[in-house]
Amino acid sequence: MELNIKYFGILAELTGCNEEQLSFSSGKVSDVLDVILKKYPPLKNKDFQIAQNKKLIGIETAVDGTEIALLPPFSGG
Amino acid sequence: MERYSRHIALNEVGQKGQDKLSNAKVLVVGAGGLGCPALQYLAAAGIGTLGIIDGDVVEESNLQRQVLYGTSSLGTDKAFAAKDRLEDLNPTISIHAFNEKLSNSNAIRLFKAYDIIVDGTDNFETRYLINDAALITNRPVVYGAIYKFEGQLSVFNYKNGPSYRCLFAEPPKNGDIPNCSEIGVLGVLPAIIGSMQANEVLKIILGFEGVLSGKLYCYNAKTSAVHIMSIQKNEHLITQIKSKALQEGEAIHCDMAIEEISVKDALQKEEAVFIDVRNSGEKPVLKLDNYQQISLSEISNNLHKVNPHSDIIVLCQSGIRSKKAVRLLEQNRFKNCYSLTGGAPALSAALKNKKNDERI
């Protein structure tokens, strides 16, 4: 299936895009994350939460959506 | 009152709603990019009691976005400068200025005096302190945070809803996310997010449905994209924080700034122990008195090896693991713990210099 991956904040800078399409067969969110981290090694050192279809979830969740978003914390004010 | 006639004209507000606003007490933590617009609209809306806490002074680089201040406020205390300007905007409300930093010694007392807390701070330590103190005092937090062109907005601890820790359980492990002063920010962005924070405050007070609780609103000023993510409540985490606070008599044990110490100051301490939390084999190898090597992953199982009566200087390679270890030690009630600035490389260099000096 085709997944739409969205990057926020510093993650969008590190990947050079706000979003992209990724082909993925099946598995858990952590498997998608492995693919992403392999493609963008600098993301390994970053903290972020993951949302699947706009719902924040743990990485052990099965992939059953079409959109995965990576959200880093922001500290600025 | 003529001043609020445009509010009162709204069916959803009316005189009844306006009275609710004038009976409300709102504390704004941080009078910077987010705090300024939030304060302006809250004061103008007639929030009866408005608190401002900020320990900074107005700097020229603030004026690009913190439009509550003018050139004449440069160098003055933000809390007082904000109060002066807001009193001119609305002299009918009462405004309290606290020219200090929010800390674990004033947070609980302050929060208890207000109904709603607005988080307009610029660092993770204070954000976690706000969250935990708000959990303990059962106050909703209107959260806003920004990064360059992007903003986040949410309402935490509202009617038993999720807290900031349900979104990000712990402060970033892998070093701080740089803040505006280091990386820049589009001036209008905090004005947008800060005004939206004021809006959430009004929604809470007026009892509107659709308060942004359990949702993270993400805005991108460059693309105008908006995403709203739903946040699940982590009951376990919230219970943990509340019970910890109860046991410790409300002394909040959350993520306060880690105390750092320079190599020079550390070496001058007479009864200090140096704890190296790197893994064995990491270089440079250190040789000094009162030195222990306990890797970060082993430290919780080896707390008995740490002398609680001495100053504890924790070091690693870059300062990230040592800060984690200090936090861990503090959670286990060790006092006088410091993270060594510059870590093992700086200490090793200083020891070499000392040796050379002694030879001469």
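This note covers domains and a helix packing in chain B, then aromatic pairs, in a predicted model.

1. Domains of chain B. The domain assignment splits chain B into domain 1, covering 5-247, and domain 2, covering 260-359. Taken over C-alpha atoms, the centres of domain 1 and domain 2 of chain B are 37 Å apart.

2. Geometry of a helix pair. Two packed helices are described by the angle between their axes and the distance between the axes. In chain B, helix α2 (residues 14-23) packs against helix α9 (residues 188-206) at an angle of about 115°, and their axes are 9 Å apart. That angle makes α2(B) roughly perpendicular to α9(B), because 65 to 115 degrees counts as roughly perpendicular. The crossing of α2(B) and α9(B) is right-handed.

3. Residues in that contact. From α2(B) come B:G17, B:K20 and B:L21, which meet B:L202, B:I205 and B:L206 of α9(B). By character, the residues of the contact of α2(B) with α9(B) are four nonpolar, one polar and one charged. B:G17 is in the polar group, because Gly is counted there, and B:K20 is the charged residue, because Lys counts as charged.

4. Aromatic pairs. Over all chains, the count comes to seven aromatic pairs. One of the pairs is A:Y7 with A:Y40, with 5.9 Å centre to centre and 80° between the planes. This pair is edge-to-face, because planes over 60 degrees apart count as such.

5. Placement of the A:Y7 and A:Y40 pair. The pair links distant parts of the chain, its residues being 33 residues apart. A:Y7 lies in strand β1 (residues 2-7) of chain A, whereas A:Y40 lies in the loop between α2 (29-39) and β3 (49-52) of chain A.

How values were computed:
Residues numbered from 1 in each chain as written. Chains lettered and ligands numbered in written order. Predicted model: local features only at pLDDT ≥ 70, side-chain atom pairs only at ≥ 80, totals over all residues. Heavy atoms only, no water. Axes fitted to C-alpha atoms, helices over the stretch in contact; angles between N-to-C directions. Helix = DSSP H or I, 4+ residues; strand = E, 2+ residues; numbered from the N terminus. Parallel < 35°, antiparallel > 145°, perpendicular 65-115°, else oblique. Left-handed = near helix turned anticlockwise from the far one by under 90°. Contact = heavy atoms within 4.5 Å. Domains from an automatic or database assignment. Phe/Tyr/Trp six-rings, centres within 6.5 Å; stacked < 30°, edge-to-face > 60°.
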